[in-house]
Amino acid sequence: MTAPPSKSTIKLAPAQSHGEASSSQAQNQPPKSQKQMTKAERREQQERQRAAKAATKVAGPQLSGPNQNAAQAKKGAPPAASTSASVKKGGKGPDGKLTKETKETTSDDSARGLRIFSHFGLQKPPGPSKGDIHPAIIRLGLQFSEFKIAGANARCIATLTAFKTVIQDYVTPPNNTLSRHLLTHLSPQITHLVSARPMSVTMGNAIRELKLEISGSDIDLPEQDAKNLLCQKIDDYISERIIIADQVIQETAGTKIKDGDVILTYARSSVVEQVLVGAWDDGKQFSVLVVDSRPMLEGKKLLSVLSAMGIPCTYLLLPSIGSVITEVSTVLVGAHSLHSNGAVFSRAGTALVAMMAKQHSVPVVVCCETYKFAETIQLDSFTKNELAPAGDIFSSFPLTRSKDTLTLNKQPNLEILNPLYDLTPPSSITAVVTEVGVIPPNSISSIPLALGRATL
């Protein structure tokens, strides 16, 4: 014979919710141990427990019957509020499944979008400052996050210029040396910039060089003299590795342009712009095809500069490149970074232009300074990338409707994905023009040796 159920099993607590009632009904049957339960039964029990906890956490202790209405009337809440309504806000229903409202909330927050692209660097304003952040760094972080300063060279020059201000305003604390404490002082500044936008290869190389100069500074040198010397080192780096390097690249790449050539370039590169302007100033007659793509539309800036110089230009978007590639003499593109396996990391769409040019036997020349060299091997643009800002933030053409009505925005079932960079394989590149000479892509790893050092 089966023993009668105990009183504790039959009696229900007055503050029992719907989820607890369903769990107590399941307890009327003889309980099974974990070993006796099947996998499905164990999962069902866990879901019931989670549902009961969620309902209790959100709804809180409730009274039944008229006492419940009286208690709610004191608080000003509607007397007919049910447990199921609370569960809707809480997340899970009595059966342990996500409710419709919870699914919408989840999809609007962390679960929205394509999870496989969640590691891409997002456009976001800098977070709350941690540590003593200089005002120049805070201002620069805002400019980075809003893409008011874009481009590898522009970002590196702006970063080093801001660090000059930080160094000049720095005061060494007592019982410390500048060569050690300044490195600690710069760490939160760098962290703040990275929180605004992922660090570029150019910024990483420049900051690494700056840290070496700081750690090697003479401790017997007066503080102001040491700070002036560091600022002079920063000026020398900008001058030698960026400005003078661009001038050498301009002269070298300019010799590749002949009269009557049709030069195709993609988006906007400050180095390529100098090459084209310098070749035109030398009296060479050529035309330029400016290929562009959304959402950045950076080619419009290049187009305005070249057309103001009197250079014959044609502007087209990336999908139309197939109809003009047969008329192109040379493709000139810039680079965000250059990797030791010869791959070029540049603005998204560069790989398509290079591969299309290779298919039609058009030489592809990359103009890139050596300080953009990274001693890493990158095989794709998926493992590391950024997201471009949404909307055509640089568009200036007249519109019959407001710009907001024409911009595609995120929706519950729509995710806008604009990768900022892509990777061009070395097989699609003819040559890389640097300040140390014209280098084939399979010899990129020799750049540090060409500079007379083991590493950059």
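**Figure 1. Left-handed crossing of helices H7 and H8 in a predicted model.** The crossing of H7 with H8 is left-handed (the near helix is turned anticlockwise from the far one by less than a right angle). The axes, lines fitted to C-alpha atoms over the stretch in contact, come within 9 Å for H7 (residues 135–145) and H8 (residues 152–169) and cross at roughly 165°. The two helices are therefore roughly antiparallel (angle over 145 degrees between N-to-C directions, on a scale from 0 to 180). Helices are DSSP runs of H or I with at least four residues, strands runs of E with at least two, numbered from the N terminus. The model is predicted: local features need pLDDT of at least 70 and side-chain atom pairs pLDDT 80 or more, while totals for chains, interfaces and linings use all residues. Residues are numbered from 1 along each chain as its sequence is written, and side-chain values use heavy atoms, without hydrogens and water.

**Figure 2. Buried residues of H8 and their cover.** H8 has 18 residues and reaches 26 Å from first to last C-alpha, close to the expected 26 Å (1.5 Å times one less than the number of residues). Its buried residues (under 20% relative accessible area, 1.4 Å probe, protein chains only) include Arg155, Asn153 and Phe163. Among the elements covering them, by contact (heavy atoms within 4.5 Å), are H12 (270–281) and strand S9 (421–424).

**Figure 3. Buried residues of H9.** H9 (residues 178–196) reaches 27 Å over 19 residues, close to the 27 Å expected. His185, Gln189 and His192 are among its buried residues; the cover includes H7, H8, H10 (201–215) and H11 (223–254).

Key:
Parallel < 35°, antiparallel > 145°, perpendicular 65-115°, else oblique. Buried < 20%, exposed > 50% of the residue type's maximum accessible area, 1.4 Å probe, protein only.
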